[in-house]
Amino acid sequence: RSFQLDFEEDCFRKDGVPFRYISGSIHYARVPRPAWRDRLLKMYMSGLSTVQVHIPWNYHEPLPGVYDFAGDRDVEAFLDLTAELGLLVILRPGPYICAEWEMGWLWVGWGGGCSRAELPSPSPAYLAAVDSWLHVLLPKIKPRLYQHGGNIISVQVENEYGSYYACDYEYLRHLLGSFRALLGNEVLLFTTDGSQVEELRCGTLQGLYATVDFGPDSNVTEAFGAQRRVEPKGPLVNSEYYTGWLDYWGEAHASTSAGRVARGLEDMLQLGASVNMQVVTWWGAQPRGADFKDQYKPVTTSYDYDAPLSEAGDPTEKLFAIRTVISKFQALPVRLMPPATPKSRTAWLPRARPSFLQYADLLDVLDVLCPLGPIQSQFPLTFEAIKQAHGFVLYRTRLPRDVLDPATLGAPPHGVCDRGYVMLQQEYQGTLERDGQTTLRVTGRAGDTLDVLLENMGRISFGANISDFKGLLGNLSLDSSPLSNWLIYPLAIDTAIQQGWPHAALPKSSRGSRAGPAFYTGTFETPGITWDTFVKFPGWSKGQLWINGFNLGRYWPRRGPQQTLFVPGSVLHAGRPNNITVLELEGAP
């Protein structure tokens, strides 16, 4: 068994025979485990011979030296399933893989001490963390390499490194040495970069086969011409063909027509190229990343991507257009494409409309959400400094003097990352926002409690701004006088809800709907069978949703474009009540 490059015939060779793959990307971390088989089978029935699999570092190592490969994180089970279904695998183990996830799946080092942001001179701490991760991961991969009887035909090293400012070949050599030491000399290792000259100059290295990525709007001949400048011989490869694009909060939904995608694919296949394309839409509350394009642009909960397979696993017109193109170049599987998953219209049923009770203001349950109590500090500390990777942190201080006439509560430029919900004496005052409103007018008495709930909307996942600290990065001031003596509460909201709170707690009386961060709870029933469904939020402002302890992500209908959250049937209970918890941040209907 072998999978090799042929530089004379400009192709891959699989077991000595010329080979071209047509592949699709899927993120197992963004697909519910019960749906893995359904999504992979639909990819196979589309005519794809191969799937490209991203392995997320900070998903499997949430804390230094703490590894999680259980349940939905069981990457070995996922890889075994791809083999069972007859699919080959192109593996992308990082350490950086972008994917519009926090820091491109890089491990979130406390104090910023463990990210590519340290480059151009990566510190020993960063390289040691990378090596530790690879020494845990790659031994799980080696037995599954094609040469050893598995289905992994190639492995990517880093990702789009040429788009980063460092251009550090010593870093790439270090990674190449680590991959070779742990996987052996026979496996095909490659890089992927954009098709610009500078990107390919800084992202490639001798010993790593250079491939490119581009979308249907690119000139195919020019894009592959860029690859030929660094790889004069060998197969043409587009490692990431963009079948759509991602959505940002507050912008229009991105879409790419099926016809454009199909034409671009056909043009590449006519040249004999191997192609991997974005196929599966991803969903869920896992930490979304963000881009920085003149300003901070957080990605929506639904990584919709206008993909050929929707987040519910439904084949789209685009998938069938791709399938038609593939049929011109190779035989398709003889079985029919599996249909769309059945959907439940439970929200239209009387028993499925939750009756909400306002359980509590967030400020009233800090003992539950932060059981170890606050951290005291003269000035605010970042999320990273207090070892809070995601979610929310509450900052509390007191007014140092009477403020009878409205005074300006303000943050320095880029001092709020990313949204701060301000309460004075538990009364909601408004929101401070990164690249948005950074001042509020307030009045109060000396000693009044000032609370600012900071929300991490996602760390930047691409480019030179990837070192993206969260929280209050600078001190708030009152009429230019800095505030001090802060109590800082790292909130473990997911943990509390997964442990049954608030449904397992004693009922609290409701004071009725009012503005500001508060929890709302309720129950609903699903009839008989639990099918996939969606939740819509008419009249709600912004917040997060949990069903049966499962975090389904952010809703923000006022900002859009996303208006619904996908609910997989696998998180619902049939024939008994489903618990629903909402954290509304600004104001419930």
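## Two residues with positive phi

Asp10 sits in the loop between strand 1 (3-6) and strand 2 (11-14). In this predicted model, Asp10 has a positive phi of about 55 degrees, although it is not a glycine. Asp10 is partly exposed, at 28% relative accessible area.

Asn485 is another such case. Its phi is near 60 degrees, a positive value in a residue other than glycine. Asn485 belongs to the loop between strand 25 (481-482) and strand 26 (486-490). Asn485 counts as exposed because its relative accessibility is 52%, and the cut-off for exposed is over 50%.

## Domains

The chain is divided into domain 1 (19-328), domain 2 (372-491) and domain 3 (494-584). The centres of domain 1 and domain 2, taken over C-alpha atoms, are 36 Å apart.

An unreviewed UniProt entry lists residues 517-576 as "domain: Beta-galactosidase galactose-binding". That span is 43% strand and 0% helix. Between the end C-alpha atoms of residues 517-576 the distance is 29 Å.

## The annotated active site

UniProt, in an unreviewed entry, places the feature "active site" at Glu160 and Glu240. These residues are spread over 81 residues of sequence, yet they cluster in space, with a largest C-alpha distance of 10.6 Å. Glu160 lies in the loop between strand 7 (152-156) and helix 5 (169-183). Glu240 is in strand 10 (residues 237-241). Glu160 counts as buried because its relative accessibility is 8%, under the 20% cut-off. Glu240 is buried as well, at 9%.

Beyond residues up to four places away in sequence, Glu160 touches Thr192, Asp193, Asp213, Glu240, Tyr242 and Phe462. On the same basis, Glu240 touches Arg92, Glu160, Val212, Asp213, Phe214, Asn276 and Gln278. Asp213 therefore appears in the contacts of Glu160 and of Glu240, where contact means heavy atoms within 4.5 Å. The side chains of Glu240 and Arg92 also make a polar contact, at 2.6 Å.

## Helix 4

Helix 4 (residues 124-141) has 18 residues. From its first C-alpha to its last it reaches 25 Å, close to the 26 Å expected at 1.5 Å a residue. Helix 4 has a kink of about 30 degrees at His135, shortly before the proline Pro139.

Several residues of helix 4 are buried, including Tyr126, Leu127, Trp133, Leu134 and Ile141. The buried residues of helix 4 pack against helix 2 (57-60), helix 3, strand 6 (88-92), strand 7 and helix 5.

## Thr82 in helix 3

One residue of helix 3 (residues 75-84) is Thr82. Thr82 is buried, with a relative accessible area of 0%. Its side chain reaches the backbone oxygen of Leu79 at 2.5 Å.

Which residues is Thr82 in contact with, leaving aside its neighbours within four places in sequence? They are Leu40, Val51, Leu87, Val89 and Asn151.

## Cis peptide bonds

The peptide bond from Gly94 to Pro95 is cis, with omega near 15 degrees. Pro95 lies in the loop between strand 6 and helix 4.

A cis peptide bond also joins Cys417 and Asp418, with omega about 20 degrees. Asp418 is in the loop between strand 18 (416-417) and strand 19 (419-424).

Note on methods:
Residues numbered from 1 in each chain as written. Predicted model: local features only at pLDDT ≥ 70, side-chain atom pairs only at ≥ 80, totals over all residues. Heavy atoms only, no water. Domains from an automatic or database assignment. UniProt positions renumbered as here; feature names shortened; annotations may be inferred. Helix = DSSP H or I, 4+ residues; strand = E, 2+ residues; numbered from the N terminus. Buried < 20%, exposed > 50% of the residue type's maximum accessible area, 1.4 Å probe, protein only. Polar contact = N/O pair within 3.5 Å; in protein donor to acceptor, adjacent residues only side chain to side chain. Expected span 1.5 Å × (residues − 1). Bend = angle between axes of the 7 residues up to and from the residue.
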